[in-house]
Amino acid sequence: MDAITPTAVALKNVARRFVTPAGEILSALENFDLSIAPGEFFAIVGPTGCGKSTTLGLIAGLAKPQAGEVTLFDAPVDGVDRRVGFVFQQDAVFPWRNVLGNVMAGPLFRGVPKARAEEMARDWINRVGLKGFEDHHPHQLSGGMRKRVALAQTFINNPQVLLMDEPFSSLDVQTRELMQEELLQLWAQAKSAVLFVTHDLDEAILLADRVAVLTTRPARVKSVHTIDLPRPRDVAKLRYDERFIAIARNISDDLREEVLRARAGH
Amino acid sequence: MAETILPTPAPAVRMETMVERLRRRARLVLALRLAVLVFLVGGWELGVRVGLIDPFFFGQPSGIVEKLIDWFQNGTSIGPLWKQIWVTIYEAGAGFLIGAVMGILCGIALGRNQLLSDVFSIYIKVANSIPRVVLGSIFIVALGLGAASKIALAVVMVFFVVFANAFQGVREADKNLIANARILGASDWQMTRAVVIPSALSWILASLHVSFGFALVGAIVGEFLGAREGMGLLIATAQGSFDSNGVFAAMIVIAVVALIAEWLLTMIEDRLLTWRPETTINE
């Protein structure tokens, strides 16, 4: 079965545990299974602190699982993979570099000649609508603009797997909607597999092909829901579509159960 | 008519008064600072004149000024004043440069390598807890009365401060930025250059401010302990002939040198940290 359908990302029976300062073993993930097809937009929702970010760290090769197997395009993950892009929750753009320097960082790290890297960066700065801000430093930009820099910085490397860790959670509602819209457009062109982690169920449904609900810690996949809303999607309108509301109601029952369990301290 | 004309100039007027108020406050602060100086120096001079303060032990402002003029015009008892200043600046500056470079390199190396830092951190703590001025005597015995022993003492004084800050700065580098750079494709060396050094830079520069003062202390104490020239020897000579005005005059010269160095370092810092958000006017 696995040999027939290729996967962009797969986690099989994965466990990730930490040792707390008190010497106890804390299990973030246990028996975790997940698979994402190439080009698929996959969203993960779950209660806060349930191990969503941990999952991304494992796929990115920033951490190793204690048990199980993590694969990228059916090969085991061993360290940071060049095909992976990561958009962080907090600002992770370099504050000491201007917009151009930030966007061209990836190609330069990867050995692209400087002139070519700059050309690519200017193109991506245009695409995310930051033309004219090339010489600005991050502290001179708004939160939404810094997010755009982060997106350009990631997409310029042409990732085949894009990991996003609550990327828009720090933005105000209006900016967030714009950024979601923009992300869908970028994704439609890039055709990469996306794993989008969020605590906002609406956001997950609006963006994704499939939404997975996680259990409280130790996290497992509780259920996976296919979102058969047509594309291209208009984020602003879709929010009030009856099909969207029906799906949201269905999944939110699932999610609420976990949130309540998390609050009860299980 | 009046209604359409009146409201427009109002905001401009308000801005004007705000700017004016800030200027007035700046003038007030300057005036008060001068008043404090006049009060202290004037009080000292007056105290000597009415006999409350003994100038033999505590000097006298007018005597210090005379001494400075005399030194500049006729040279000091141990040679021209410029020569003494230059020797001390040379020793402090060389010690500062060597100590700072070593401190930065070691701090970054240990900050980036967990094993190295685990092994060496204990020794650095021990070395740091020794009052380093004591080493001056050893350096003079080992390296002689020339500049080398003073430079060595200044290096030791500077190294630990810069090292501790560089180490801390590397350790404090934002984990998100490091993860981001790694995923964008940075090698270890690229990571050090693109993320670690820039984020440690504000720590390192802060330590350079403090440590030039330490380098001066190292050079002067070294000269104190045994030298043929320099500001420290000048002070020691003045002390030996019970010349308190001479001690104070040398102190003022050293203070001017320290302030100029401080000003230069601030300029370098501003140039290197242009990416930082500007501070507001109110600061």
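Which residue stands opposite Arg210(A) in strand 10 of chain A? It's Thr226(A). Keep in mind as you look around that this is a predicted model. Below is a quick tour, starting with the strands around that pair, then moving on to the domains and finally to the place where chain A and chain B touch.

**Strand 9 of chain A and its neighbours**

- Strand 9 of chain A covers residues 210-214, and it's mostly covered, with four of its five residues buried.
- One partner is strand 10 of chain A (residues 221-226), which pairs with strand 9 of chain A in the antiparallel sense over five bridges.
- Those two strands, 9 and 10 of chain A, make a hairpin, and six residues sit between them.
- Another partner is strand 3 of chain A (residues 41-45), which runs parallel to strand 9 of chain A and is joined to it by four bridges.
- To spot that parallel pairing in the model, look for Ala43(A), which stands opposite Val211(A) in strand 9 of chain A.
- Here's a handy rule for looking at strands: in a regular one, the side chains alternate between the two faces of the sheet.

**How chain A is divided**

- Chain A splits into domain 1, made of residues 9-83 plus 159-264, and domain 2, made of residues 95-157.
- The C-alpha centres of domain 1 and domain 2 of chain A are 26 Å apart.
- The two domains of chain A do touch: eleven residues of domain 1 are in contact with seven residues of domain 2.
- On the domain 1 side of that contact in chain A, helix 6 (residues 173-190) gives the most, with five residues.
- That same domain 1 side of chain A has nine nonpolar residues, two polar ones and no charged ones.

**How chain B is divided**

- Chain B also has a domain 1, at residues 2-53, and a domain 2, at residues 62-272.
- In chain B, the C-alpha centres of domain 1 and domain 2 lie 37 Å apart.

**Where the chains meet**

- Chain B puts 15 residues into the contact, and chain A puts in 21.
- On the chain B side, the elements giving two or more residues are helix 9 (175-184) and helix 10 (188-225) of chain B.
- Helix 9 of chain B has the largest share of that side, with seven residues.
- Sorted by class, the chain B side that touches chain A has ten nonpolar residues, four polar ones and one charged one.

Notes:
Residues are numbered from 1 along each chain as its sequence is written. Chains are lettered from A and ligands numbered from 1 in the order in which they are written. This is a predicted model: local features need pLDDT of at least 70, side-chain atom pairs count only at pLDDT 80 or more; totals for chains, interfaces and linings use all residues. Domain bounds come from an automatic or database domain assignment. Ala, Val, Leu, Ile, Met, Phe, Trp, Tyr, Cys and Pro count as nonpolar, Asp, Glu, Lys and Arg as charged, and the others, Gly among them, as polar. A residue is buried if 20 or more other C-beta atoms lie within 10 Å of its own, exposed if 12 or fewer, and partly exposed in between; C-beta atoms are placed from the backbone. Two strands pair if DSSP finds at least two bridges between them.
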